[in-house]
Amino acid sequence: MLGPILETLIGGLLTGVLYALVALGFVLIFKASGVFNFAQGAMVLFAALSVARLSEKFPLPIAIVLAIGVMIVLAYAIEFLVLRRLVNQEGIVLFMSTLGVAYFLEGFGQTLWGSDIYKIDLGISKNPIFLFESVFPGGILIDPEEVAAAVICAILVTVLAVFFQVTRVGRALRAVADDHQAAQSVGIPLNYIWLVVWATSGIVAIAAGMIWGSKLGVQFSISLVALKALPVLILGGLTSIPGAIVGGLIIGAGEKLAEILLGPLLIRWFDLAGGGIENWFAYVLALLFLLVRPQGLFGERIIERI
Amino acid sequence: MANEVTAPADTFPRLLVRNARQFADRPAIRHKDLGIWQTLTWAQVFEDVRAYAVGLNRLGVKRGDTIAIVGANRPKLYMSVMAAQVLGAVPVPVYADAVADELAHVLVHAEVRFAAVEDQEQVDKILSVAERLPKLEQMFYDEKKGLRDYDHGKLHPIDELIAQGRAVLAQDASVSKWLDGEIAAGKGLDTSIILYTSGTTGPSKGVVLTAKGCIDAATDTVAFDHLDSHDEALAYLPLAWVGDHYLNYAQGLAAGFCMACPENAETAMQDLKEIGPTFYFAPPRVFEQMLTRVMIRMGDAGFPKRQLFHYFIGVARRYGETILNHQPTPLVGRLLYAVGKVLIYGPLMNVLGLSRVRVAYTAGEAIGPDLFAFYRSLGMNLKQLYGQTEAFLYVTAQPDGQIYADTVGPAAPNVDIRIAESGEVQFKSPGMFVGYFKDEAKTKEAMTADGYVKTGDAGFFDDKTGHLKIIDRAKDVGRLNDGTLFPPKYIENKLKFYPNIREAVAYGDKRDFVTVLINIDLTAVGSWAERKNVVYGSYQELAGHALVYDMIARHVEEMNRALSEDKVTAGAQIKRFLILHKELDADDGELTRTQKVRRGFVAERYAPLVKALYDGSREADISTEVTFEDGRKGIMSARVEIRDVKTVPVATALEKVA
Amino acid sequence: MTRTNFGAVLVALLGGIAFAAPAAAQNEQFIPHLVYRTGAYAPNGIPFANGVADYYRLVNERDGGINGVKIVYEECDTGYATDRGVECYERLKGKGPTGAAYFIPLSTGITFALTEKAPVDKIPIISMGYGRSESRDGSVFQWNFPLLGTYWTAADILIQHIAKIEGGMDKLKGKKIALVYHDSPYGKEPIALLTKRAQLNGFETMFLPVTHPGVEQKATWLQIRQNKPDYVLLWGWGVMNSTAIKEAVAVGYPREKMYGVWWSGAEPDVRPAEDGAKGYNAVMLQHGAGQFKLHEDLKKFVYDKNNGTAKWDETGEILYVRGAINGMLGIEAIRTAQKRFGNKPMTGEQVRWGIENLDLSADRLKQLGFEGVLKPIKVSCADHEGARTGRIQTWDGKNWKVSSDWYTADEAVVAPMVKETAAKYAADKKIAPGCLTN
Amino acid sequence: MRAPAGSTVAAGEVLLSVENVSLSFGGVKAIQDVSFDIRKSEVRAIIGPNGAGKTSMLNVVNGFYQPQHGRITFKGTTRTNMRPYDAAHGGIARTFQNVALFRGMSALDNIMAGRTLKMHRNFFWQILRIGPALAEEDEHRHRVEEIIDFLEIQAIRKVPVGRLPYGLQKRVELGRALAMEPDLLLLDEPMAGMNLEEKEDMSRFIVDVNEQYGTTIALIEHDMGVVMDLSDRVVVLDHGAKIADATPDDVKRDQNVIDAYLGVAH
Amino acid sequence: MFYREAGQFKTTYGSDEAIFPIVQDRWFVIAAIAFAVLVVPLFAGQYLYTEVLIPVLILSLAAIGLNILTGYCGQLSLGTGGFMAVGAYAAYNLALRVPEVNLILVFLFGGLMSMLVGILFGVPSLRIKGFYLAVATLASQFFLEWAFARIKWFTNYAPSGSVAVGPIELFGIPINSPERKYLFVFILVAVLALTAKNLVRSRVGRMWMAMRDMDIAAEIIGIRPLHAKLSAFAVSSFYVGVAGALWGFFRLGSWEPLAFDVNRSFQILFMVIIGGLSSILGSFLGAAFIVLVPIFLNQLPGWLGVGLSTATISHLEFMIFGAMIVFFLIVEPRGLARLWAIAKEKLRLWPFPY
């Protein structure tokens, strides 16, 4: 039994990295602008479609560069057309506006790029690797695609961390995250910072979109992976980049293990028509966790002052 | 209004008895209190007043005593008046915003033994001059707040008196009988009330009025305007003013209509909107401010709406009055007016709280013809009356259908008017006073030998209409050094018809030419300044602004043209003017409590300015003592610019007219 | 609190506008066309929709309509969502001079919902290869026509094929067959038959639901890897199919042991997996991929006039062909009805009669250009399915290749199930079973 | 508005006593071993320089913070672990230094909300809004209107509080606290940020509340003039510790207090 | 413009606190009700009933439910679809297993079950706030969706997992025609909307709003968070549950859990926000907007005679819908109800601009 569990764990952790990648986009934006960006899923779809369709005409690296340009233009459009006009509104209003943006992007992306299935070929082998075949019967299965995703994610996080810590923009960004008004009063241009985070988050979306796209084929359903990132977010804390990573790992591993271990038990006990518990399990896991730590794993402690 | 068979309803208590019977369940007094309009029916009012009277009597109030009534329009204070009259005592209402000194003067002069007051503020005011009021025995108050720890030996909540009275009445049937006796004992010719004049000239005088006179006059005008128990009036005028006592109290009792007391001064406008009175009185100043606000608010409306508004106001100006007067009007006019009524007039009147008004009056000073026409054209039956405290208000009133902006109407019912040699208007009326309280001399002065009352106003009967026209105070009408007639009030009023001009004081008597001091209207000019991007920090700064001067100068020139068109006034054109650096204020004695200008006082106070107006200076310095809102005093200095204005040569003007 | 009704007023106004559409010409047959060209299932919905539309266009261009009655069709995008499908149905059902001829929902969920509505509105539902399996009982489901095969038929054929590979029905004993299904009524349909078959033939089953839209199958396939079923049946749609094949690749499950239903056996399902899909099988709804006789006409009358809805290269795709077949069946039903009721636009009720009496012989099919694509179909009140045969096809990395003989579902197994389930439905719904005669 | 009922403490007796209370956040000691009492019907001021722990003290009294040490006895009951709503049930009301009104509601509704505890009709009556529920609503509206009258805020009763100027917001907040008919009213800097006139008004209201309804008041205030005028006794805190507890006059002369205010190093 | 408020003064608290204190509003409402009940049936076709009126009314009810929770009590929830499912399945099972129960009780039962589940899932709100709570409520959404797909008893062991309701009748009158369904739904929704309005303007409503506006201050005036939040969850879920049952019975007839998926939750949330938070009227306006706009957009090209492909129309629909949401939020973040209120205020002040 250990073999399968280990294998599930590893598979779950690797999937978790993918969740983390999407969650990262959420966190970046929430941290810097307080916007709970529900359009992140649509952005991933849009990014993936851009890369896929552009790569039909150009070599992949050029397609990626072009797609980055597209995402920056998109970020600018969102900042200029939406966010700038909703400054100082309540969180829920901003949240709703991103839902609107999500709708728009889903329609716009499909109009612009088409609604068929498109391919992104990262050139990674799809065939599984089996490790420790001598120790466990059948070995431990590793998906090279997911390993690649994990590596990309690690690189991206490192780059982002460096970006945040070292560059001037990064510092400004952190200042904005801490206190909008204060940051503005010391002359940090808020609009510019928002543009930067939305663009950054767009680039993260490209990474996520490419990996998911290469896994699933680029099509509409990619936008739904955003839903998978939500429990990761609250588990890790809405404002924490490490939280997104760790949360992703916990959720990924937790839900897969639950499906494999708990699912069959539930089916037996309650005579269910099949398992499929991983969908809600991630949320329930996150929920239970929040009951202990309402601000998430790495979220800033909520201090009530009166 | 059928009189009681048993006893003629020639006293207010007996009118109350009648109303309690006839209109028992109809509302008598409303009061916005605790968030809603608390309503008392005539029966309830009567019941409370009886109890109150008993309570007062136990404190020693008896026939002939005077009771000061100090406070805002509150049911309990009106009931105090009624209760006093039930006992045959004489209520003496005092202006609530009178300073302690003025208050003391009235209380001393009227020899009051009792005072019914509104709240802690008035109690404090009276206590602050207590040593001057040895005769004052007891005070009754309406609002308990803050009075808990006062010495209650001489202080009683009105509620408590009513409760005591009620208890006594319940226990002792003989008291009730005695009370009926007291009501029956009242005579129509007894003094019903003493109203102190606001004192435009000198200290105020107590005008003594009889019950019968009051009631006769009120009954006449109630019939004149077809008021009945279904009408509703907002009691917001000062309690001590003859207008309130006549229009609301006397007419209310005579017609049995309901008077509604606002919650407090801050909410009066809102309360007006809520109540939507059917009978409304306001001095021209209020109508003028209302119109100014309408225009300012409309100025901020969007372009299409503004156009719509002005178009339909134009329609109303063309057809509104003829329709109101039931004169022949072209069909297209009627149709357009009907549309305008739906789109503009109806809603506008509604927002102003005037949509239910059947009869509205204005009086006190001349009303601008435009202003007057504006309200009438919107369908409001606004009329003018001319009156005096000494007449118990009405001397003339405009009957429906005979309304002219420049006259005050024919004599009110049963009023006899004549014009004296000197041009002074004199009258005899049912409500006319019996004399000034404790002032034989003044009384004599005010009456002619044959019993006519001298109004002190100059006027004449218009040839065309037969209506009375008032020009000015008889003593104020002067002559320039060249002999030209100089009616200052006439000039001032004409100037004040400009929304930007709030107050004007004209000088010219025994001088070479006419000059004016002008007060700008902060609301109107402020709004104008905002549109023109004129920056200002204070009233003073705005008043001294060159652009403001330019604008006012244009008004004055226009006014000169108008004056030049009339033979009588063509010589009285304005040559120079200045804009005062501060608003004229009753607290500084520049205005009366009824907001009339005290021209003489102003001339003294601003003597350097008046001098400069005639010595050709371009500017003049002035420093005056002012009273701030919290009562502190300070000195205000300013340098005021003086402007010359073009006048129209008389000859040319007359040619043009010809 | 009904200030609300402002909303209702608004609605009424808008609704009024909705009805102000211009009246259609009298000699037109209106056919609503429910499609999904958007959303998660668009890649599968588009070719199907194109096939149907092109067939209608072909009939109009080539024959000038059905016996002179022009076909007017209107698309309505359902996005594969039941409520939007119902909205489309309600909007389109009354259009045209005679109302909607029939509906092709292309969604089991929508079919379920319309099943409740069709008898009231008297409009037949053609659900070729989907919908309720028991709806082939025309005495209860008088308005449903799951032509050419139900899911029970599909499942039965697959079991027969597996048995054949194993060497006979008795060899199934002890085998483990997993069903990876789309977690919706569609995916759940075969469970009943597989359960019954498992009892009969002694194999073990394993049911693994995949939540809509099916991009998340990692745990499912890890379970398969750990439980090592002998065969995996795939009842997916849209992205779920390609994801399943990819995940199978990722866990190293042999594709040769995977059998899809006919909705899991089209090009968009295998193409994204590329080489990984090689060896994957699916049951055919009779027809396979590739252009055939019909395409000559399509080219001549539609595509050469630049009037086609798809790209020419795509007209040989399985779902496109299936669309064309759907179009053809509908048109032929109308034609059948016209034989009885005259050459004019048919009402839904008349079309229903036409479908129920549809009899496409081999000759007729050849005439229509479907030779070798379809076998003869004969519908009757007792049998709204009309035919229940199928073959297996295998993806060779480039193309679908037919890899088996014809199978026919075993009536001994399926018929009693249909009878029992339909009877239960009739009881629940208080329907008195019986055949309609017109 | 009535004088609070059900209180068993007579005027002049101890209503609330705080004994040896200490409170710390992490390592920061906000309150160190403070004891004092509040007598029925008095106006008790708590003063001290910034950061002296005054607000923390109020927070402890009304259950927002749980002290690590010490006892608090209110109306004869010593409480252990208590939440703010328990304090409210017990008869403690308060206002906040930074106005804590319900910004989405009108002034009237804010004050009505203060009567939540006094209203008892259940859900179903409220759904139907007939009979007893309506009578109850009317009765409490009447009470609330009396408070509005008392605080002279008639003109703004239906204005959403967010739109009101600061001074009026403070008044509404006081109204909400009064609506609870508390035995003990805690006022946290009721005059902070007000102009002279508003301060005078507020002082008048505080005195009136105390006199008219006999409400016991504990007050934090910076304006020494106000404190000296209003209060009967004063507690002085500095750096979380009590440095004086006496009448206003005595406190004024207390050297410790003078030092604390002048910032003499400890 | 139509208001003549002068003279409409209030002499009792009851009239001062009436839902429609202005006479003209009362007439308008009465006319609207009369129109909906008497006039609509004269001209409405089936499409208008089943695709416009009934859905708008039912979803309005769900939106009222969510509005109570999110708008009045400030607890953002994305689990509305799940609670609707509870209502629908509970009602289905009661009607199935105890067929003699009155239809109204069936719906109330749906609401009550949903209420119980709502209370259960409301417990975390005592600890969790804001977006954390919103995401946490998705747990209930996904769990419930899953439960109804998996637990066979709920679907009466239907092999397809889809359930269908039989003929519906009330007091022996079959509710089979769209018109009858509409009238039934209309009356039920009207009554429930009225009760909701009563609740939110009473003590309970103030308690919720206090909790929403400032929870600390709410506690200090004696409101227990437990009581306030859970009661909001309970009432909200009740409404949502009844709406779910109505949706199942009157709109769908047969359904599967997918009918109550997370998109439904978002749809209702859209209604609440576009309609206006903390406004019962807004719930109706929002529902009408969200239901009508797609229908309208879908048909618009046809009316305009623009030949667009179905796919383009669908994509455009997405884009326009998204853009409209953003547009509305920019123009008036407080929703249609706020716009309505502004319009009404303008009419009251007409001809003045303020």
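Q: How do you know whether chain B and chain C touch or stay apart in this model?
A: The nearest C-alpha atoms of chain B and chain C are 22 Å apart, and the two chains do not touch, where a contact requires C-beta atoms, placed from the backbone, to lie within 7 Å. This is a predicted model, in which local features need pLDDT of at least 70, side-chain atom pairs count only at pLDDT 80 or more, and totals for chains, interfaces and linings use all residues. Residues are numbered from 1 along each chain as its sequence is written, while chains are lettered from A and ligands numbered from 1 in the order in which they are written.

Q: What is the mean confidence of chain C, and where in chain C is confidence lowest?
A: On the pLDDT scale, the predictor's confidence in each residue from 0 to 100, chain C has a mean of 87, with 94% of its residues at 70 or more. The lowest value belongs to helix H1 (residues 5-18) of chain C, at a mean of 42, helices being DSSP runs of H or I with at least four residues and strands runs of E with at least two, numbered from the N terminus.

Q: Why is one side of strand S2 (28-39) of chain D left without a neighbour in the sheet?
A: The open sheet of chain D has the order S2-S1-S4-S5 with antiparallel pairing, and pairing requires at least two DSSP bridges between two strands. Strand S2 (28-39) of chain D stands at an edge with a single partner strand, so one side is left without a neighbour in the sheet.

Q: What makes S1 and S2 of chain D a pair?
A: Strand S1 (residues 14-25) of chain D and S2(D) share eight bridges in the antiparallel sense, and Leu23(D) stands opposite Ile31(D) in S2(D).
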